[in-house]
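Got your viewer open? Here's a short guided tour: at each stop you'll get something to select, and then a word on what is there.

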Amino acid sequence: MNSLEPTGAELRALGEAVVDFVASFDDQLAERPAVYPGEIDERLLDDLRLVDDPTGLGELLPTIGRATDSGIESAGPRHFGYIPAGGLPTSALGQLIALAVNRYTAVADLTPGMVALEESVLRWLCDEFDLPRGAGGLLTAGGSGATLSAVVAARDALLGGDIASGTIYVSEHTHLCVAKSAHVAGLPPSAVRTVPVDDDLRIDPAALDRMLREDRAQGLRPFMIVGNAGTTDTGAVDPLEALSDLARREGAWFHVDGAYGGAFQLTARGCERLRGVTQADSIVLDPHKGLFMPYGVGALLVRDASVLSAAHRHDAPYLQDIDQLSGLPDYSDRGIELTRDPRGLRMWLPLRLHGVQAFRDALDEKLDLAELAYERLAADPRIDIPWRPPLSTLALRLKAGDDATRALFDEIRAEGRILLTSTSIRDRFHIRICVLAHRTHEAHVTEAVERILAG
């Protein structure tokens, strides 16, 4: 296909071939292994080379298939490692439309309809977290970018130009993106203060209270407290209500990292376990985790959207033709991106096609499956599971010790059928099981549990 402007008939033929490829892939997911060999052979590398002459899609699709068949099967039902991302195919259809129409969503008046669509998603999320009408945010490429914007907003609002003495409070289980964001925002490593945790790996409010008072006495300026709504290691949920109270007393920004666990707010049990999240000044979510979307969509919600805009708004003479007529926000004023694709459709389409209740039901299923796995594994006297899963993540080890636990982990990983990952908690090796993919159901969890019990 030499032309960069295919005809409608040519596009339809291409689309049919691609959809057939995706549907065939989806049909095979139930039995695909969770881990593929990581080696890339010379033939594939040769087939991947870019060349001057056109190549037919029929020849290219098998090459694409071979390229995807290496590493982790992150779309499959036996992916229990890290934090799974389901990759809803209906979200991919929304993204296909979004990329084809190619709307620029950083400035609202250039595409008000698409920005209004994205705002409907953000408003729905704000309502789920009981945030006020002045709340708002933006969809990002992931939780890390969303966290950076939250840190920048808190820094500017509470520290102004004098950031040298500003301090942020986290636990040892807080995601590394917070420290990374603080670094990018110009804060020294010493600004990120680690608060002790209790026996359930949750921030100890009494310890935080002491640190805040001591740091104030030393001339430091506590400006941000980070609560975890589901840690990566175990899914631990910090005492968010207590942290919110301390933040209000200190005049600090209360940020909740709900990248993994925040979506459970859509369920009754999640609302109970995340009690206090509605008091946050900012919340980060990763819809590509808890809402089963494909990789590449995060969300930042801020109680007062004007504070977010104040920290990110800039102007330039070449923007003088832009009119502010729609009453919609310019997302370029809420984050770091000036070139920005239309992200809302990849969430809006599946939420409307399936209905929000389908997502609530799927999240409830994941809570049930994690509890099922816990009960089965905890009943075996050889296995130590120190923490009942607060959400859908378990950490376990063999009572025989680290070497035995690592050997079991290595055996299961080498088989490739089931993907588990590991972590170190209190200097002990633990195997993690995270149940989150929308394609993961009871049979898949039972298979993983039985493989662990088989030793």
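## Stop 1: helix H3

You're looking at a predicted model. Begin with the buried residues of H3, which pack against helix H1 (8–28) and helix H2 (42–48). To see which ones they are, pick out Leu-61, Thr-63 and Gly-65, which are buried in H3. Now select the whole of helix H3, residues 57–68, and check its length. At 1.5 Å a residue, its 12 residues should span 16 Å, and the end C-alpha atoms are indeed 16 Å apart, so the two agree.

## Stop 2: an open sheet

Next, colour four strands in the order S10-S11-S13-S12: they form an open sheet with antiparallel pairing. Which strands stand at the edges? Those are S10 (383–384) and S12 (421–425), each with a single partner strand, so one side of each has no neighbour in the sheet.

Zoom in on S10 and its pairing with strand S11 (residues 393–398), which is antiparallel and runs over two bridges. Show Ile-383 here, and you'll find it opposite Leu-398 in S11.

Now add helix H15 (residues 402–415), which lies across S11, S12 and strand S13 (428–434). Relative to S13, H15 runs at about 35°.

## Stop 3: a ring pair between helix and strand

The structure holds three aromatic pairs, and we'll visit two of them. For one, select Phe-409 and Phe-429, an edge-to-face pair with 5.8 Å centre to centre and 70° between the planes. This pair links distant parts of the chain: Phe-409 sits in helix H15 and Phe-429 in strand S13, 20 residues apart. Are these rings buried or exposed? Phe-409 has a relative accessible area of 9%, so it is buried. Phe-429 is buried too, at 10%.

## Stop 4: another ring pair, and a buried lysine

For the other pair, select Tyr-260 and Phe-264: they are also edge-to-face, 6.3 Å centre to centre with 80° between the planes. Both Tyr-260 and Phe-264 are buried.

Keep Tyr-260 on screen and add Lys-289, because the list of contacts of Lys-289 beyond four places in sequence reads Ile-83, Pro-84, Ala-259, Tyr-260 and Leu-436. You'll find Lys-289 in helix H11 (residues 287–290). Why does Lys-289 count as buried? Its relative accessibility is 15%, and the cut-off for buried is under 20%.

## Stop 5: the loop after H11

Carry on into the loop between H11 and strand S9 (298–302), and select Met-293. Met-293 is buried, with a relative accessible area of 0%. Beyond four places in sequence, its contacts include Ala-85, Gly-86, Leu-88, Arg-346, Met-347 and Phe-359. Try a distance label from Met-293 to Thr-90: they are 203 residues apart in sequence, but 8.9 Å apart in space, C-alpha to C-alpha.

## Stop 6: the nonpolar cores

To finish, go for the largest nonpolar core, which has 84 residues. Select Ile-168, Met-224, Ile-225, Ile-283, Leu-301 and Met-347, the residues with the most contacts inside it. Which helix gives the most to this core? That's H6 (residues 143–159), with eight residues.

Click on Ile-283 for a closer look: leaving aside neighbours within four places in sequence, its contacts include Phe-129, Leu-131, His-255, Val-277 and Leu-301. Apart from this core lies another one, of 25 residues, among them Phe-80, Leu-369, Ala-373 and Ile-433.

Conventions
Residues are numbered from 1 along each chain as its sequence is written. This is a predicted model: local features need pLDDT of at least 70, side-chain atom pairs count only at pLDDT 80 or more; totals for chains, interfaces and linings use all residues. Side-chain values use heavy atoms; hydrogens and water are left out. The expected span of a helix is 1.5 Å times one less than its number of residues. Buried means under 20% relative accessible area, exposed over 50%, partly exposed in between (1.4 Å probe, protein chains only). Contact means heavy atoms within 4.5 Å. Two strands pair if DSSP finds at least two bridges between them. Axes are lines fitted to C-alpha atoms, for helices over the stretch in contact, and angles run from 0 to 180 degrees between N-to-C directions. A nonpolar core is a set of buried Ala, Val, Leu, Ile, Met, Phe, Trp, Tyr and Cys residues joined through side-chain atoms within 4.5 Å. Rings of Phe, Tyr and Trp (its six-membered ring) pair if their centres lie within 6.5 Å; planes under 30 degrees apart count as stacked, over 60 as edge-to-face and the rest as tilted.
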